[in-house]
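Q: Could you take me on a close look at one strand and its surroundings in this model? I would like to start from its pairing and then see what lies around it.

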Amino acid sequence: MAIIYLLSGGDKIKGMFGKEIEHQLKEDLKGKNILVSIGARREFEKNDTYFYGDESMLGVEKTFGFSDLKEFYMIDGRTPKEDGLKLLEKADIIYLQGGDPFIQKNYIRDNGYKDFLENYNGIILGLSAGSMNLGKKSFYSKDDDYPKTIIYDGLGLIDITIDPHFDVSDKSRVKEALLYSKKMPIVGLPDYSMIKIENNKVTNVGVHYLFLNGRMEILNNDEIFDIYTRDGEHLGTKEKSICHSNNPGFYHKPVWVWIINSDGQVLVQKRAETKKKYPNYWDMPSAGHVQAGESSIMGAIRETEEELGIKTKEVDYLYIGEFIADKSWEIAQIYLLKLDLNIKDMHLQEKEVAEVKWLSMAEFKNLFYSDLFVPFDNEYKNMVINFLKNNINSK
């Protein structure tokens, strides 16, 4: 039975998936070599642009550059039926790319590839039009290409009907989904969101909108962050999956908390083995994201309690300042806690923190600048060393 990914898409140049989706795919694609893409455009040169890329589009190989994949092939109306089937048979992942869903569906059906897909045991990834076509019943919301909404028979590999690139602020789009949901359930899938189906288990990334019997329900397993310009001007809110996508174009504000004691020691934590980024690396004692509408100090208090089991108050914190991390599009809010804590009295969040320990300033500095610590810019490292030394000396 295939693992099926349903994706909406993202930015054609910056990346289609976002970091969380890339992480899921990277795990499933470990040791996999061959991708076969099925085109979805009437004009073959457009299929070529989508597959190979140009100045307006990343291309499939670069899109999957995070994975172990080494060979990339595309089949469309130019490919003889038997040649296409031979490629599909050796594929580790079959990629139903975006475009015109009717062109793609008819190509798959007319060449007899539908039967092959039904019995395929690899990974099937449907993007945009591809995700629409995988359902038993498919839903095409009216747009410039098709002025009337169309319900059609899809390939029937799943029971989910996807409406990709869904924008809940588009009132006409919402109205259309509400109307047709009286006939069948519809899932509005925004960009940088994902549904993964494996052995009847469904995993979600991002926000989804379920339309059923004329009603809309928000299915949200994603955190919501306030977003800003680089200068700190508030722009609104976005889902975590979008904020963590490649080059989102706006910043969000995490909190980074450092802790020292009256003996001049610095507390560090070892990240849990199950962490997506930098598992088993040493890190600052507490860090996390500020939720939409939450102040940075409240985020610091919450994260410190969640990760270390330490109850603190606003007056316990010294605000050090902020650090702009342009690579990750973050404006980190940095705080310092001066607390005498016994490690035995801490209650560590197992899925986040493996262990903690106190280090002398010299021991901390050696670890901080080593390959065992989560990598940071030297500018930030020097900033941390300076404010820790100053506050340790002022005790």
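In which sense do S9 and strand S12 (residues 207-212) pair, and over how many bridges?

A: Happy to. Please keep in mind that this is a predicted model. S9 and S12 are antiparallel, and three bridges hold the pairing. Within it, Ile-186 of S9 has Phe-211 of S12 opposite.

S9 itself spans residues 186-189, and both of its faces are covered. Side chains in a regular strand point alternately to one face of the sheet and the other. In S9, Ile-186 and Gly-188 belong to one side, Val-187 and Leu-189 belong to the other, and all four are buried.

S9 also pairs with strand S8 (residues 162-164), this time in parallel, again through three bridges. Asp-163 has Gly-188 of S9 as its bridge partner. Between S8 and S9 the chain passes through helix H8 (residues 171-180), making a right-handed β-α-β crossover.

H8 deserves a look of its own. Its buried residues include Arg-173, Val-174, Glu-176, Ala-177 and Tyr-180. They line one face of the helix, because their directions fall within an arc of 160° when H8 is viewed down its axis. Lys-171 and Lys-175 are exposed, and they sit on the face of H8 that is turned away from the buried side.

From here we can step out along the chain. Gly-9 is in the loop between strand S1 (3-7) and H1. Gly-9 counts as buried because its relative accessibility is 2%, and the cut-off is under 20%. Beyond its neighbours within four places in sequence, Gly-9 is in contact with Met-16, Leu-127, His-165, Asp-191 and Tyr-192. As for Phe-66, which is 57 residues away from Gly-9 along the chain, the two C-alpha atoms are 16 Å apart.

After that loop comes H1 (residues 19-28), the helix that holds Gln-24. Gln-24 is buried too, because its relative accessible area of 17% is under the 20% cut-off. Setting aside residues up to four places away in sequence, Gln-24 touches Tyr-5, Met-194, Lys-196, Thr-203 and Val-205.

Now for the open sheet of seven strands, which has mixed pairing and runs in the order S3-S2-S4-S5-S1-S10-S11. At its edges are strand S3 (71-75) and strand S11 (201-205), each of which pairs on one side only. From one strand to the next, the twist averages 15°. Inside this order, strand S2 (residues 34-38) runs parallel to strand S4 (residues 93-96), and four bridges join them. One of the bridge pairs is Leu-35 with Ile-93 in S4. Helix H2 (residues 44-52) packs on the sheet and touches S2, S3, S4 and strand S5 (123-127), with its direction at about 160° to that of S3. Helix H5 (residues 101-110) packs on the sheet as well, touching S2, S3 and S4, and its direction makes about 110° with that of S2.

Two places further along the chain round off the tour. In strand S17 (residues 266-271) we find Arg-271, which is buried at a relative accessible area of 14%. Its side chain reaches the backbone oxygen of Tyr-278 at 3.2 Å. Not counting neighbours within four places in sequence, the contacts of Arg-271 include Lys-277, Tyr-278, Pro-279, Asn-280, Tyr-281 and Asp-283, along with Glu-352, Ala-354 and Val-374.

The other place is helix H11 (residues 361-368), where Met-361, Phe-364, Leu-367 and Phe-368 are buried. Viewed down the axis of H11, these buried residues fall within an arc of 125°, so they line one face of the helix. The face turned away from that buried side carries Ala-362 and Asn-366, which are exposed.

Finally, here is the wider setting of S9. The chain has twelve helices and 22 strands, and its C-alpha trace spans about 75 × 45 × 40 Å along the principal axes. Of its 395 residues, 51% count as buried. Among contacts between residues at least 6 apart in sequence, 65% join residues at least 24 apart.

Note on methods
Residues numbered from 1 in each chain as written. Predicted model: local features only at pLDDT ≥ 70, side-chain atom pairs only at ≥ 80, totals over all residues. Heavy atoms only, no water. Buried < 20%, exposed > 50% of the residue type's maximum accessible area, 1.4 Å probe, protein only. Helix = DSSP H or I, 4+ residues; strand = E, 2+ residues; numbered from the N terminus. Pairing = 2+ DSSP bridges. Right-handed = clockwise from strand over helix to strand, strands pointing away. Contact = heavy atoms within 4.5 Å. Axes fitted to C-alpha atoms, helices over the stretch in contact; angles between N-to-C directions. Arc of directions from axis to C-beta. Polar contact = N/O pair within 3.5 Å; in protein donor to acceptor, adjacent residues only side chain to side chain.
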